[in-house]
Amino acid sequence: MKNMLTTISNALCRMTGRNVLLVDLSEYVSVTSPPPAPTVALTQRQPPKPPPVRTRAPAEQLVKNQAETDRPGARVVVSRSFADFTSQASFDIKECELHRLEEGPPLKAELTREQGLQYYRVMQTVRRMELKADQLYKQKIIRGFCHLYDGQEACAVGIESGINPSDHLITAYRAHGYTYTRGIAVKEILAELTGRRGGVAKGKGGSMHMYAPNFYGGNGIVGAQVPLGAGIALACQYKGNNQVCVSLYGDGAANQGQLYEAFNMAALWKLPCIFVCENNKYGMGTSVERASASTDYYKRGDYIPGIRVDGMDVLCVRESTKFAADHCRAGKGPIIMELQTYRYHGHSMSDPGVSYRTRDEIQEVRSKSDPITMLKERMLTNNMASVEEFKEIDIAIRKEVEEAALYATSDPEPPLEELCNHIFSNDAPLEVRGTNPWVTLKSVS
């Protein structure tokens, strides 16, 4: 067979006057019998999990390989090439400002490829979910209050990656991101926003009231969740389960008196509570400089130690949360974290968000400090993922969100007879004096 190929090659050269490259597989393929079994088993490369994405060689390497096979006299060998990605890398993170602490979180953060892809997936899902909520609200499918979280995704993902699922979390009404990171599906969140039966709160809580295991929801009363969080931390201490509670509030709520009452009790009793101020620069339409005589929110606890964190960097938030959780678990009492972050939407959907700040300001934050872009560029620069992988993840997320939106607009609304359900712990009839038509309704829990 080899002699036959040589004869054909020589004949073609004489006919065309050019060198002809033929694929010579005679050394690798037997036409009479299969090759002998290899003595050493080959190790198959498995795609990392999660997420299960296929890896391919970079385009530059494929071009180089093609150029080599185009050389005269080159021999083509049939094979599949997979890129070797960096499995783990170390990144410098911004130093935190400290209050009543001798040392703070580390200045470097380790990130594995699997962690990075998972963080990207979760942050991008929250971003797409909020953009879809914006669209549904403008179509008047979502009614009432709606406070979106896009821009602040690194806060939710960083905090969740720094604590345990058994730890507790309570926040204010900008709660969609935490509802998702606490384990609720996108379709249940959107269905709750549209007031449908399949929503996480059966369609009766709306944007402000969503709950999950160890997640005590968004709370509509400004600052009220902070003393509630201190109470949850008291329960953890009482049970001795080594759990902590993350109690979140915004810069707009930071001047509420009930915060300082909660700080006082938490410090006296050394409660395992992480008080987190998500400082997104504006309380409703008022900048922090106009609303607070002191904008050092991490120092507001006075006798409680505090740290100021770059809230747009998911790794910085993660390391700071781990530091704060270790502080609480060691029996040292509460700690305050100020996360410096930014919201892209207005305070709520009724707020255009550009009357008290410029579009240029928003665009500058997007271009320089976007949490999703920052993580993506870190991973690409350090060969931890490919552009194709991120595109595949984005496509999958868009599909998931679109399917969730379809569910949220087609699922039925809760019927009238379920209006009073889950109000009481028993099924005693609910009687409202002077409104006879409602006497027939009962509370079913």
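Here is a chat about the predicted model shown above.

Q: Let's start with the sheet. What's the strand order in the open sheet of seven strands?
A: The order is 2-10-11-7-6-4-5, and the pairing is mixed.

Q: Which strands are the edge strands?
A: Strand 2 and strand 5, the latter spanning 215-219. Each of them pairs on one side only.

Q: And how much are neighbouring strands turned against each other on average?
A: By 15°, with direction ignored.

Q: OK, strand 10. Is it largely enclosed or open?
A: Largely enclosed by the rest of the structure, because four of its five residues, in the run 306-310, are buried. For the cut-off, buried means under 20% relative accessible area.

Q: What does strand 10 pair with on the strand 2 side, and in which sense?
A: Strand 2, residues 97-99, pairs with strand 10 in the antiparallel sense, over three bridges. Within that pairing, Arg 308 of strand 10 has Glu 97 opposite.

Q: How many bridges join strand 10 to strand 11?
A: Five, and those two strands run parallel. Strand 11 covers residues 335-340.

Q: What's the bridge partner of Arg 308 in strand 11?
A: Glu 338. So to put the two pairings together: Arg 308 stands opposite Glu 97, and its bridge partner in strand 11 is Glu 338.

Q: Which helix goes with strand 10 and strand 11 in the β-α-β unit, and what's the handedness?
A: Helix 10, residues 314-329, and the unit is right-handed.

Q: Where do side chains point in a regular strand, in general?
A: They alternate between the two faces of the sheet.

Q: Switching to pockets. What's the volume of the largest one?
A: About 410 Å³. There are 29 residues lining that pocket, and the closest to its centre are Tyr 173, Gly 250, Gly 252, Ala 253 and His 347.

Q: Which strands and helices each supply at least two residues of that lining?
A: Strand 4 (168-172), strand 6 (245-250), strand 8 (282-283), strand 9 (286-287) and helix 9 (288-291).

Q: How do the lining residues divide into nonpolar, polar and charged?
A: Eleven are nonpolar, 14 are polar and four are charged.

Q: Gly 250 came up there. What's its bridge partner in strand 7?
A: Glu 278. Strand 7 is residues 273-279, and its pairing with strand 6 is parallel, with six bridges.

Q: Now the other edge, strand 5. Why is it largely enclosed?
A: Because four of its five residues are buried, the rest of the structure largely encloses it. Strand 5 pairs with strand 4 in the parallel sense over three bridges. One residue pair there is Leu 169 with Phe 215, the bridge partner in strand 5.

Q: What's 75 residues from Leu 169 in sequence but 8.6 Å away in space?
A: Val 244, with that distance taken C-alpha to C-alpha. Val 244 belongs to the loop between helix 7 and strand 6. At 0% relative accessibility, Val 244 is buried.

Q: Which residue in that loop has a positive phi?
A: Asn 242, at about 60°, and it is not a glycine. Asn 242 lies in the loop between helix 7, residues 225-239, and strand 6.

Q: What about Arg 100, what's its phi?
A: Positive too, about 55°, although Arg 100 is not a glycine. You'll find Arg 100 in the loop between strand 2 and strand 3 (108-112).

Q: Is Arg 100 buried or exposed?
A: Exposed, with a relative accessible area of 57%. The cut-off for exposed is over 50%.

Q: Now Glu 389. Which helix is it in, and is it buried or exposed?
A: Glu 389 sits in helix 13, residues 387-410. Its relative accessibility is 0%, so Glu 389 counts as buried.

Q: How far is Glu 389 from Leu 117?
A: They are 9.0 Å apart C-alpha to C-alpha, with their positions 272 residues apart in sequence.

Q: Last one, Gln 118. Where is it, and how accessible?
A: Gln 118 is in helix 3, residues 113-138. Gln 118 is partly exposed, with a relative accessible area of 30%. The C-alpha atoms of Gln 118 and Val 157 are 9.7 Å apart, and the two residues are 39 apart along the chain.

Methods
Residues are numbered from 1 along each chain as its sequence is written. This is a predicted model: local features need pLDDT of at least 70, side-chain atom pairs count only at pLDDT 80 or more; totals for chains, interfaces and linings use all residues. Side-chain values use heavy atoms; hydrogens and water are left out. Buried means under 20% relative accessible area, exposed over 50%, partly exposed in between (1.4 Å probe, protein chains only). Two strands pair if DSSP finds at least two bridges between them. A crossover is right-handed if, with the strands pointing away from the viewer, the path from the first strand over the helix to the second runs clockwise. On a 1 Å grid over the protein atoms alone, a cavity is a set of points where a 1.4 Å probe fits but cannot get out, and a pocket is an open set with protein on both sides within 12 Å along at least five of seven lines; lining residues have an atom within 4 Å of a point. Grid points are joined across faces, edges and corners, and a volume is the space filled by probe spheres set on the points. Ala, Val, Leu, Ile, Met, Phe, Trp, Tyr, Cys and Pro count as nonpolar, Asp, Glu, Lys and Arg as charged, and the others, Gly among them, as polar. Axes are lines fitted to C-alpha atoms, for helices over the stretch in contact, and angles run from 0 to 180 degrees between N-to-C directions.
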